[in-house]
Every structure is written in C-alpha cells, then in structure tokens.
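Please find below a colleague's note on the structure under review. It is set out as numbered points for ease of reference.

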Amino acid sequence: MLSPTDPADLDGSRPSTLYLVKQLEQAVRARLDEVLRPAAITPLQYTALTVLERSADLSTAELARNSFVTDQSAADLIAVLEDRGLLSRVVDPRDRRRRVLRLTERGRELLDRYRDEVDRLESRMVAPLTPVQADDLRRYVVLCRAALDGTARR
C-alpha cells in the first residue's frame, strides 16, 4: 500500500492520477457501505436519492446520467427504491405522456437520517487539508469532471 506522503511505488515511479482517484473512489465507497449498511441501501442508491433531492422530476435516463450509472442499472436501482417507498414515478406536470421520478417523504427521511454521518465521512476525508486546500480540492475535482464531460470552460 502506498503511503500518503510517499506516492512512489516499488520501482520508484509514481502512480497515475487516474489510479489515485480510483483508489480514493474505492475507499469512499467502502466507507459509505459501512455508513449505509443499517439502512440496507448501497452507495449508488444513496447517490440516486441525493440526485433526486437536488433535482426532482427526472427521467430514468437523466437520473442515470446524474448518478453515474447506465440506463439499465438505473432502471434496476429505481425498481428497488420504488419498492421500498423511497421514490415514486409520477406524471410529468409539463408533459402528461411522460413519467418522472420524485423522492418520497420516506426517501427524504432516510437522507435526513444519514446526512450527518455522510458529512462526517467527508470531513474525515479532508481532515488532513486546510480549509483552503479542501475548497481547492473540490474545485479541482469539479474542473476535472467538466473536462471529461466536455463542459469545461477554457
């Protein structure tokens, strides 16, 4: 395992940033699994619920894009969350032929119940950083994602 202060591996080369980002993602997912285990939801399901909390009335495809999963995976996780009463499908108020997804009151309660623990996890992750560094990290991650999405401003 690499030390956080010495990113060189055994042959003296440095791992790529992509590799380090993947390691971080896996560590976050493992800790989120621990936090969310009592609710019997996965980090992907939790992400979908938080997406719906921020943006109601999304289609399955829109939720998939914003939750970083395929349309098929989104359909599967929506079915589970709908069965548990955490989200619902309703007629789109702007287009009666379309159905959209909404967080239910039960879904809001679940998010409220775990919000502080998830916030503590994020605080733990950035604890070694100064507040300025933590803000910079957040800004850099947003910029990197925008670059890969093709939405970065030059």
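The points below move from the overall fold to one helix, and then to the charged pairs and a surface patch.

1. Overall architecture. The model is predicted. Its protein chain contains six helices and two strands, and these follow one another along the sequence in the pattern α-α-α-α-β-β-α-α. Taken along the principal axes, the C-alpha atoms occupy a box of roughly 60 × 40 × 30 Å.

2. Burial and contacts. Of the 154 residues in the protein chain, 27% are buried. The accessible surface comes to about 11,000 Å², and carbon and sulfur atoms contribute 53% of that area. Among contacts with a sequence separation of 6 or more, 45% are between residues 24 or more positions apart.

3. Helix α5: length and kink. This helix covers residues 105-126. At 1.5 Å a residue, its 22 residues should span 32 Å, and the end C-alpha atoms are 31 Å apart, so the expected and modelled spans agree. The helix nevertheless has a kink of about 45 degrees, centred on R115.

4. Helix α5: packing. The buried residues of α5 are G107, L110, L111, Y114, V118, L121 and V126. The elements that cover them include α1 (17-36), α2 (43-54), β2 (95-103) and α6 (131-149). R115, at the centre of the kink, is not in the buried class, because its relative accessible area is 26% and burial requires a value under 20%.

5. Salt bridge between α2 and α5. The chain has twelve salt bridges in total. In one of them, the side chains of E53 and R115 meet with an N to O distance of 2.8 Å. The pair links distant parts of the chain, since E53 belongs to helix α2 and R115 to helix α5, 62 residues apart. E53 is partly exposed at 30% relative accessibility. The residue at the centre of the α5 kink is thus also a salt-bridge partner of α2.

6. Salt bridge between α3 and β2. E62 pairs with R98, and their closest N and O atoms are 3.0 Å apart. Because E62 lies in helix α3 (residues 60-67) and R98 in strand β2, the pair ties together parts that are 36 residues apart in sequence. Both partners are partly exposed: E62 has a relative accessibility of 24%, and R98 one of 26%. The two residues also take part in a network of salt bridges that links E62, D92, R94 and R98.

7. Salt bridge within α6. Which residues form a salt bridge at 3.5 Å, N to O? They are D149 and R145. Both lie in helix α6, four residues apart, about one turn of the helix. D149 is partly exposed at 46% relative accessibility, and R145 is likewise partly exposed at 41%.

8. Nonpolar surface patch. L24, M125, L129, L137 and V141 form a nonpolar patch on the surface, with about 380 Å² of accessible area together. M125 is located in α5. Its relative accessible area is 37%, so M125 counts as partly exposed and passes the threshold of over 30% that patch membership requires. Helix α5 therefore supplies a residue to this patch as well as the buried residues named in point 4.

Terms used
Residues are numbered from 1 along each chain as its sequence is written. This is a predicted model: local features need pLDDT of at least 70, side-chain atom pairs count only at pLDDT 80 or more; totals for chains, interfaces and linings use all residues. Side-chain values use heavy atoms; hydrogens and water are left out. Patches are made of residues with over 30% relative accessible area and no salt bridge: like charges are joined within 9 Å, nonpolar side chains (Val, Leu, Ile, Met, Phe, Trp, Tyr) within 5 Å. Accessible areas come from the Shrake-Rupley method with a 1.4 Å probe; for residues, only the protein chains shown count as cover. A salt bridge is a side-chain nitrogen of Lys or Arg within 4 Å of a carboxyl oxygen of Asp or Glu. Buried means under 20% relative accessible area, exposed over 50%, partly exposed in between (1.4 Å probe, protein chains only). The expected span of a helix is 1.5 Å times one less than its number of residues. The bend at a residue is the angle between axes fitted to the seven residues ending there and the seven starting there. Contact means heavy atoms within 4.5 Å.
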